[in-house]
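Hi everyone, thanks for making time this morning. I'd like to walk you through a structure, so please have a look at the screen, and then we'll go straight in.

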Amino acid sequence: MPPFLRRILTSEYWTLLLCAAYFVALAPFTPGFATAGNLANVFSAMLPLLVVATGQTVVLITAGIDLSVTSIIALASVTGALLINGDQGLLAGHAAAVPAGVLAMVALGAAIGLLNGTLITQLRMPPFVVTLTGMMFFSGFAIWLTEAKSIAALPSGFLALGKNPWLAGAIAAIVAAAGHLLLSRTLLGRWLYAIGHNPKVALVSGVPVNRTLILAYVWCGLCAGVAAVLITGRLESGSPVHWRSNLLDIIGATVIGGTSLYGGRGKVLWTVFGVLFLTLLDNSLNLLNLSHFSIMMVKGAVILAAAGLDAVKTRLGGGS
């Protein structure tokens, strides 16, 4: 492979360059794509995806995967709504309803993450099996809990968390910054990379592998709980089907950014770039009035290409 092509493929800013090239190429042919209003929509749409993808990044670095994040979002969404909605909510009208509801949603996400991590480490079960079956169970539980109905009449203070772009942006920025500091500035972050490279070597080196893996899944579940707050506020209702079909976007954005499916390589900054690209892609295809099925085909092809590039980078030994 030519050296210049190798440098591009292994560059930390490859996906950001791809975003710029895609925007420049599509803007002249996509009505409304480059307008300030549409770019504001892109920014608003990428915030929940960024939050949940930040959690997925940490798990993928350990060579694991969490397929249950969309069901965590759904269950946290309906749980929070059942607590604080103004019709029959347990905390309806209470002064502490909004903070209590948010805390319950985030705590529920972290608790499911703790369950996932415990099953994976203590029973030696594959992450794929644990989180896939978890996705089925918690998604079904959310539908049973609400009889497949959405729950509206949420307090205005809660809706502002998702509908106010500055407030939602601040929440997403805090989560992303926390994920970045976790991976780049803490001993736990070094342990996560070590486990992703080789868990047996990490164990021999003194890394508490099981405890570190559990914390990775707790962090992923917590991020899904925060994403549920943003999504529920933005859509003004708690729903058991919120984001049910977005699992491909979550994993795809992370992989497109450069985080490896093989573990040991990834950064939150790369995930930011991946989320930006996937959101721009989705937005432009919608503006071009492509059908849902056509959009899914394009996105699937892009994510498959990103996974192929990940395999090439792994073979080339791209650094983290």
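Let's begin with the pair formed by Lys299 and Asp282, a salt bridge whose closest N and O atoms are 3.4 Å apart. Lys299 sits in helix α14, residues 292–316, while Asp282 belongs to helix α13, residues 268–287, so this pair ties together parts that are 17 residues apart in sequence. Is the lysine buried or exposed? Lys299 is buried, with a relative accessible area of 5%. Asp282, its partner, is partly exposed at 26%. There is also a third member here: salt bridges that share partners join Asp249, Asp282 and Lys299 into one network.

I should say at this point that we are looking at a predicted model. The mean pLDDT of the protein chain is 92, and 97% of its residues reach 70 or more. Which elements mark the two ends of the confidence range? Helix α1, residues 3–9, has the lowest mean pLDDT among the elements, at 70, and helix α11, residues 209–235, has the highest, at 97. A friendly reminder for all of us: where pLDDT is low, the predicted coordinates should not be read in detail.

Now back to Asp249, because that residue takes us into helix α12: Asp249 is one of the buried residues there, and buried here means under 20% relative accessible area. Helix α12 covers residues 247–257 and is mostly covered, with ten of its eleven residues buried. Besides Asp249, the buried set includes Leu247, Ile250, Ile251, Val255 and Ile256, along with Gly252, Ala253 and Gly257. Just after the helix, Gly258 takes a positive phi of about 125°.

On to the other salt bridges. The structure holds six of them. One is between Glu236 and Lys163, with the closest N and O atoms 2.9 Å apart. Glu236 lies in the loop between α11 and α12, and Lys163 lies in helix α7, residues 156–163, so here the pair ties together parts that are 73 residues apart in sequence. Both ends have some access to the outside: Glu236 is partly exposed at 36% relative accessible area, and Lys163 is partly exposed at 44%.

Another salt bridge joins the side chains of Glu147 and Lys149, at 3.9 Å from N to O. Here Glu147 counts as exposed, at 57% relative accessibility, and Lys149 is exposed too, at 51%.

What about the nonpolar side of the surface? Leu82, Phe137, Phe141, Trp144 and Leu145 form a nonpolar patch, with about 510 Å² of accessible area together. Which helix gives the most to this patch? That is helix α6, residues 127–146, which contributes four residues. Phe141 lies in this helix, and at 33% relative accessibility Phe141 counts as partly exposed.

Last topic: the cysteines. How many disulfides does a search of the whole structure find? The search comes back with zero. Take Cys223 as an example: the closest cysteine sulfur belongs to Cys220, and the two sulfurs are 6.7 Å apart, too far for a bond. A disulfide would need them within 2.5 Å. Cys223 is also buried, at 0% relative accessibility, and Cys19 is buried as well, at 4%.

That's my tour; I'm happy to go back to any of these spots on the screen.

Conventions:
Residues numbered from 1 in each chain as written. Predicted model: local features only at pLDDT ≥ 70, side-chain atom pairs only at ≥ 80, totals over all residues. Heavy atoms only, no water. Buried < 20%, exposed > 50% of the residue type's maximum accessible area, 1.4 Å probe, protein only. Patch = residues over 30% accessible without salt bridge, like charges linked within 9 Å, V, L, I, M, F, W, Y side chains within 5 Å. Areas by Shrake-Rupley, 256 points an atom, 1.4 Å probe, with all protein chains shown as cover. Salt bridge = Lys/Arg side-chain N within 4 Å of Asp/Glu carboxyl O. pLDDT = per-residue confidence, 0-100.
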